[in-house]
Amino acid sequence: MELQKYNGNIHPDEWINDLQAYFSIKQKINVNFAISLVDSIIKLPTGIDNIEKLRNALKENIFFTIFKNTNKRKLQSLKYNPERKGGDTSYFISTFCKLCYNAEINDVKEQTRYLYNSLPDNYFKYVSNEFFEKMKNVNSIDELIKRFEELVLEESNLIRDGSIVALKHVATGKYLSSTKNLCYTTGSRKQLVFVGSSEPIPNSLWKIEFGDELAAYTDNSIVLQHVKSEIFLGMYCVNTGYGYDYCKSPLNNYTEVSCYGNDRYFTRNWKFNHSKFSKLKNHQGYLKSNDIINLNIKKSYDNRSYTIRHGQVEVLRSHDIQFTIGNDAFQEVVCHNERLGGNDEWCIELIHES
């Protein structure tokens, strides 16, 4: 351990603690030697004959006032960035605590204000809304930091526009999937959608888009684009010869779900809401990883192919029923307008952010 001269760029308490640690190893503490380590630009009063008098003298010196004010200004300019934006939460927290210590900001309410002000403008829509609610009744800097970390962890699980996600069918534990250029042999004959692997593989990855930073439960419209084929999840309306109607699923009279591109008769805008059967609730109001949701979609055309504003709303469902294409069997995915049940639950998982 090397001894450091005191030049006004370290807190006196910290410097003296280091000295005491050094001298305790040597089994002796020498006040005059400690005074000799104080830089000559710092003028000390006479009569200092113990460590506590030295400590008080350093704290009463103008250099310590400048040191505290400098650390306050650093605290005012400190900005938090999460890891997804190149930041380091651990380093930020240690810097924040060190600056509070150096500036002798010990009041928790004042520390809380500085921590809140470190959030960048227009950042953390979720955190900014929840920050002060989360920090209620905090009575120590340790508890303040603990709750901030909880908030950051929750924020890191939020689904952002353009993120890659997987949708696990809760009842069967399998993932919503599609395979490029593998199409239905009935109905729309578009790219088929099924529930397949029990792990999120490339064919079960979807890019979620909703036009805002976060997707709110109160008002949302999302698009799910299959990553590998770059086309969208939805349902297709065709001319049946007796008028226009949405294609039927292979095995029953439910609405077929398929993947397709941009087409007037392909409906691809989904809405989500909490599953009423789920015990997990996102009280903050934004979609986040591991939420259990229902996905619904509104039919956009009537049987004359006219656009309708108040079309029938149907819900995405899967079940154990399988259909075959060639020698391969697939677990069916459909849309329906029946009563909601466990087969309509999907767990959305964040794979990686945009």
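Trainee: Leaving aside its neighbours within four places in sequence, which residues is H11 in contact with?
Mentor: The model is a predicted one. H11 belongs to the segment before α1 (12–26). With neighbours within four places in sequence left aside, its contacts are K59, F64, F67, Y101, N102 and E104.

Trainee: Is H11 buried or exposed?
Mentor: The cut-off for buried is under 20% relative accessible area. H11 has 1% relative accessibility, so H11 counts as buried.

Trainee: Which backbone nitrogen does the side chain of H11 reach, and how far apart are H11 and W206 in space?
Mentor: The side chain of H11 reaches the backbone nitrogen of D13 at 3.0 Å. W206 is 195 residues from H11 in sequence, and their C-alpha atoms are 53 Å apart. The two answers are therefore D13 and 53 Å.

Trainee: What caps the N-terminal end of α5?
Mentor: A side-chain oxygen lies 3.1 Å from the backbone nitrogen of S90. The residue that caps this end of α5 is D88.

Trainee: How many residues does α5 have, and what does α5 reach from its first C-alpha to its last?
Mentor: α5 has 14 residues. At 1.5 Å a residue, 20 Å is expected. The helix is followed by E104, with a positive phi near 55 degrees. From first C-alpha to last, α5 reaches 20 Å, close to the expected value.

Trainee: Which residues of α5 are buried?
Mentor: Two of them, F92 and F96, also belong to one aromatic cluster with Y80 and F148. The buried residues in α5 are T89, F92, I93, F96, L99, C100 and N102.

Trainee: Why is the pair of Y80 and F148 edge-to-face or stacked?
Mentor: A search of the whole structure finds 18 aromatic pairs. The rings of Y80 and F148 have centres 5.5 Å apart, and their planes stand at 85 degrees. Planes over 60 degrees apart count as edge-to-face. The pair of Y80 and F148 is therefore edge-to-face.

Trainee: Where in the chain are Y80 and F148, and are they buried or exposed?
Mentor: Y80 is in the loop between α4 (62–77) and α5 (89–102), and F148 is in helix α8 (residues 141–156). They are 68 residues apart, and the pair links distant parts of the chain. Both Y80 and F148 are buried.

Trainee: What are the distance and the angle for Y116 and F131?
Mentor: Y116 in helix α6 (residues 108–117) and F131 in helix α7 (residues 125–134) are 15 residues apart. F131 is buried at 0% relative accessible area, whereas Y116, at 26%, counts as partly exposed. Their ring centres are 5.1 Å apart and their planes are at 55 degrees, so the pair is tilted.

Trainee: Which charged residue sits over the ring of Y260, and which lies over the face of F232?
Mentor: The charged end of K190 is 4.1 Å from the centre of the Y260 ring. R268 is 4.0 Å from the ring centre of F232. The residues are K190 for Y260 and R268 for F232.

Trainee: Which strand gives the most to the largest nonpolar core?
Mentor: Nonpolar side chains tend to be buried together in soluble globular proteins. The largest nonpolar core here has 44 residues, and L316 is one of those that touch the most other members. Another core, of 23 residues, lies apart from it and includes F92 and L99. The strand that gives the most to the largest core, with 5 residues, is β6 (residues 232–239).

Note on methods
Residues numbered from 1 in each chain as written. Predicted model: local features only at pLDDT ≥ 70, side-chain atom pairs only at ≥ 80, totals over all residues. Heavy atoms only, no water. Phe/Tyr/Trp six-rings, centres within 6.5 Å; stacked < 30°, edge-to-face > 60°. Helix = DSSP H or I, 4+ residues; strand = E, 2+ residues; numbered from the N terminus. Buried < 20%, exposed > 50% of the residue type's maximum accessible area, 1.4 Å probe, protein only. Lys NZ or Arg CZ within 6 Å of the ring centre and 35° of its normal. Expected span 1.5 Å × (residues − 1). Polar contact = N/O pair within 3.5 Å; in protein donor to acceptor, adjacent residues only side chain to side chain. Core = buried A, V, L, I, M, F, W, Y, C linked by side-chain atoms within 4.5 Å. Contact = heavy atoms within 4.5 Å.
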